[in-house]
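Me: Please take a close look at a single part of the structure shown below. I should like one connected account, with the criterion behind each term.

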Amino acid sequence: MTDTANVLFDAPGPRTRRNNLIIGAIATAVIVLAILAVLWGLRSQYTPAKLQIFGNPVTWSAAILPGIVNTLQAAVISIVAAGVLGTLLGLGRLSELAPLRWLCTIIVEFFRAVPVLIMMIFTWLVIINVLIPAGVPLKGAVINLIAVVTGLTLYNASVIAELLRSGMHSLPKGQREAGLAIGLTGSQTRTSILLPQAITAMLPSLVSQLVVVLKDSALGSIVLYPELLRSLNTLASNYGNTVASLTVAAVLFILINMVLTSLASLVQRRMAKRGGASIKRITEGAGVATGA
């Protein structure tokens, strides 16, 4: 047994490490063999005849690239709208006004419980059966985009609101006391001191939620929104290469998510640095105000 120990268990010795290495190698080999077996079973789906369509520039310019653009469009609009609405709902849940706090709590808990797809379909039906007969000039892809964005925004705003509320509750009580000590009101303390620190603390979870928004945009195919998955499904129907088309869709979603995660991580690091500087200034200001 080594001298280094963990708080939960003793550090593994040479024999345990060797056993772990053997088990890991066996598990990796089993997984690789399983993947190869699946690919071998689907080898008839990856023939040159079924893949050649993806080497045609027209396929990309007329179907795949517009699908990517529509996916990013819905995701970006939803992320911005969910961020704004989620912040307002999160602050509302912490409000000193009981009616506002209850209202925001009901909204958050309701939209967290309802599946995104149901909200998309419901919004789409409302537009088709209520707004358009009432004379609202909405047509085609705009209707589908509104349905997708509404579903994504409402669900993810409720999740972001809960993340921010939890983040502010996790901060030391001294942060709120510091704000009150330098003459800020309760609401000013929440927005100027607690909220920036909560956002910084919850950035990893917020980044994960961005990926969820992008992936959930694929549900828009159910309400006829021409996003990436629907575009590739159309190709699959036309050329009889469903497995190959879905594989391309999966690869493209992975690449887009990797780029999005990298950009979000860069923003996270920069905000963490700024947040640390802000906390230092706040602490110094509180120390001066209290005579520490």
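Reply: Phe110 counts as partly exposed because its relative accessibility is 48%; in this scheme buried means under 20% relative accessible area, exposed over 50%, and partly exposed in between, with a 1.4 Å probe and protein chains only. The model is a predicted one, in which local features need pLDDT of at least 70 and side-chain atom pairs count only at pLDDT 80 or more, while totals for chains, interfaces and linings use all residues. Residues are numbered from 1 along each chain as its sequence is written, and side-chain values use heavy atoms, with hydrogens and water left out.

Rings of Phe, Tyr and Trp (its six-membered ring) pair if their centres lie within 6.5 Å; planes under 30 degrees apart count as stacked, over 60 as edge-to-face and the rest as tilted. One aromatic pair results from this rule. The partners are Phe110 and Phe111: their ring centres are 5.0 Å apart and their planes stand at 80°, so the arrangement is edge-to-face.

The neighbouring topic is charge. A salt bridge requires a side-chain nitrogen of Lys or Arg within 4 Å of a carboxyl oxygen of Asp or Glu, and five are found by this rule. In one of them, Arg112 is joined to Glu109, with the closest N and O atoms 3.5 Å apart. These two are three residues apart in helix α4 (residues 98-113), and therefore separated by about one helical turn. Helices are DSSP runs (H or I, at least four residues), numbered from the N terminus. An α-helix has 3.6 residues a turn, so residues three or four places apart point the same way. Arg112 is partly exposed because its relative accessibility is 37%, and Glu109 is partly exposed as well, at 36%.

Arg112 also forms a salt bridge with Glu162, the closest N and O atoms being 4.0 Å apart. Since Arg112 belongs to helix α4 and Glu162 to helix α6, this pair ties together parts that are 50 residues apart in sequence. Salt bridges with shared partners join Arg93, Glu109, Arg112, Glu162 and Arg165 into one network.

Within that network, Glu162 meets Arg93 in a salt bridge of 2.5 Å, N to O. This contact links distant parts of the chain, as Glu162 lies in helix α6 (residues 140-170) and Arg93 in helix α3 (residues 57-93), 69 residues apart. Glu162 is buried because its relative accessibility is 13%; Arg93, at 12%, is buried too.
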